[in-house]
Structures are given as structure tokens and as C-alpha cells.
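Subject: Handover of a structure and findings

Dear colleague,

Please find below the structure that I am handing over to you. My findings follow directly after it.

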Amino acid sequence: MVSVLGPDGEVSKTNIQRLSFIKATLKESGRMNLAGAFVVARVFDKDLDVLGYRIPAGVNVLLHEHLLSVDQRYYGEDAKQFVPERWLRDEMGKKNDLNPFTSLPFGYGVRMCLGRRLAESMIYTLVSKLILSFHLEYAGDTTVNKDIKGWLMKPDRPVLVKFIPRKRTWSS
């Protein structure tokens, strides 16, 4: 992290783009823990053929995003495990063959979240600053599970985290 951000720990547009593991972790978090909008509803104004299925005009089509994002057909045997490495390129620089439409935590197309880029930039900056300044440890004594309240997914109990200050040992 220090080699990417430098000894002063400043996060900029240039160095944040090199933080691929933080980006992969954010993608995996979005895949595993959608904040909201689990079911996407659409009504098409004309007949549509999708993968050999005919969908007549006027039919209400529902897509359950969370089920799609943890489907073993798309993410393999470890689909329900948190594995940020699945989003990284291999040693040869090749991307994994993941269907880009199986995980859309910010939506897609004309209905995509307008604040996506701003939210991602803020998350990258916050996480980078936290990692540079603290060791983080889970301080709870039990497993935290997902719970759906209304339209939002959130922990079923408080998530307790210890922030242990890092000692800055690098030179200027």
C-alpha cells in the first residue's frame, strides 16, 4: 500500500487506479452484499426473445439480483464465499471469464446509479486511508449474518471493529 500511495499517504486519481485489490474487494462486496433493490421489475412494450424464451409484451418480468450474484453457474463452487481475487487479472494480465451482467450493484444503462463513480472514489479513498492508518480487527464474538429489512440488506447485529493505530515506520 505504501509503495502505491507513497510515504505521505496521499490518495490521488493517479495512484488510486493502481489499487486493484481494493477495487476487487469493492466489486466482491457489491456482489455478495447488495445494499438494496434485490428484485428488478421490468415490463416490455413489445415481444422479446431471450435465450430461446419468448416474453410477451406487457408481462411483468422480475429478476432477483442477489440470487444471480451467488449462482454457482456463474461464480463456481465458491460462489457463496467472499473471494475478491476472482475480479483480478491473472499473471498474464487476462481477466477472468465472469459474466458482467451477473453482478450489478450500481445497476446498468439508463437506470444506473448516477453517483456510482463518486461513491467508488470515496470508498477507495476511505479504505486506503484506513488501511494506511490502522490495523482493523473484528471485535465481535459471534458471526454476523445478513438480514433484509424493508428493501435494504444489513447486518443482523452491530459489526464491532477495532481500529489499532499503525506505527509509521517508512522514511520521507
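I begin with a single side chain: that of R86 reaches the backbone oxygen of D78 at 3.1 Å. Please note that the model is predicted, and that the values quoted here are computed from it.

**The surroundings of R86**

R86 sits in the loop that runs between helix 5 (72–75) and helix 6 (116–133). Besides D78, its side chain has a second backbone partner: a polar atom of the R86 side chain lies 3.1 Å from the backbone oxygen of Y75. R86 counts as buried because its relative accessibility is 8%, under the 20% cut-off. Leaving aside residues up to four places away in sequence, R86 touches E28, R31, Y75, D78, A79, Q81, N96 and L98.

One of these neighbours, Q81, is located in the loop between helix 5 and helix 6. With residues up to four places away again left out, Q81 touches E28, R31, M32 and R86. Q81 and M32 are 49 residues apart along the chain, yet their C-alpha atoms are separated by 8.1 Å.

**Salt bridges**

How many salt bridges does the structure hold? The total is 8, and three of them are described here.

- E28 pairs with R31, and the closest N and O atoms of this salt bridge are 2.8 Å apart. Both residues belong to helix 3 (residues 20–32), where they are 3 residues apart, about one turn of the helix. E28 and R31 are both buried.
- D71 forms a salt bridge with R73, with 2.6 Å between the closest N and O atoms. The two partners fall into opposite classes: D71 is buried, at a relative accessible area of 15%, whereas R73 is exposed, at 68%.
- E120 forms a salt bridge with R116, and here the closest N and O atoms are 3.0 Å apart. Both lie in helix 6, 4 residues apart, which is about one turn of the helix. E120 is buried, with a relative accessible area of 10%.

Beyond individual pairs, salt bridges that share partners join E28, R31, D78 and R86 into one network. R86 thus appears in this network as well as in the backbone contacts to Y75 and D78.

**T102 and Y75**

Y75, whose backbone oxygen lies 3.1 Å from a polar atom of the R86 side chain, also has a side-chain partner. The side chains of T102 and Y75 make a polar contact at 2.5 Å. T102 is placed in the loop between helix 5 and helix 6. Its side chain also reaches the backbone oxygen of N99, at 2.8 Å. Is T102 buried or exposed? T102 is buried, because its relative accessible area of 4% is under the 20% cut-off. Not counting residues up to four places away in sequence, T102 touches L68, S69, Y74 and Y75.

**An annotated position**

The UniProt record, an unreviewed entry, carries a "binding site" annotation that covers C113. In the model, C113 is found in the loop between helix 5 and helix 6. C113 is partly exposed, with a relative accessible area of 34%.

**A nonpolar patch on the surface**

L136, Y138, V159, V161 and F163 make a nonpolar surface patch of about 450 Å². Strand 5 (134–138) and strand 8 (161–165) each supply at least two of the residues in this patch. V161, one of the patch residues, is placed in strand 8. Its relative accessible area is 38%, so V161 is classed as partly exposed.

**The chain as a whole**

The protein chain contains 6 helices and 8 strands. Along the sequence, they follow the pattern α-α-α-β-β-β-β-α-α-α-β-β-β-β. Of its 172 residues, 22% count as buried. Among contacts in the chain with a separation of 6 or more, 58% are accounted for by residues 24 or more positions apart. The accessible surface of the chain comes to about 12,600 Å², and 58% of this belongs to carbon and sulfur atoms.

With kind regards

Terms used
Residues are numbered from 1 along each chain as its sequence is written. This is a predicted model: local features need pLDDT of at least 70, side-chain atom pairs count only at pLDDT 80 or more; totals for chains, interfaces and linings use all residues. Side-chain values use heavy atoms; hydrogens and water are left out. Buried means under 20% relative accessible area, exposed over 50%, partly exposed in between (1.4 Å probe, protein chains only). Contact means heavy atoms within 4.5 Å. Accessible areas come from the Shrake-Rupley method with a 1.4 Å probe; for residues, only the protein chains shown count as cover. A polar contact is a pair of N or O atoms within 3.5 Å; within protein, one must be able to donate a hydrogen and the other to accept it, and residues adjacent in sequence count only if both atoms are side-chain atoms. UniProt positions are given in the numbering used here, feature names are shortened, and annotations may be inferred rather than shown by experiment. Patches are made of residues with over 30% relative accessible area and no salt bridge: like charges are joined within 9 Å, nonpolar side chains (Val, Leu, Ile, Met, Phe, Trp, Tyr) within 5 Å. A salt bridge is a side-chain nitrogen of Lys or Arg within 4 Å of a carboxyl oxygen of Asp or Glu.
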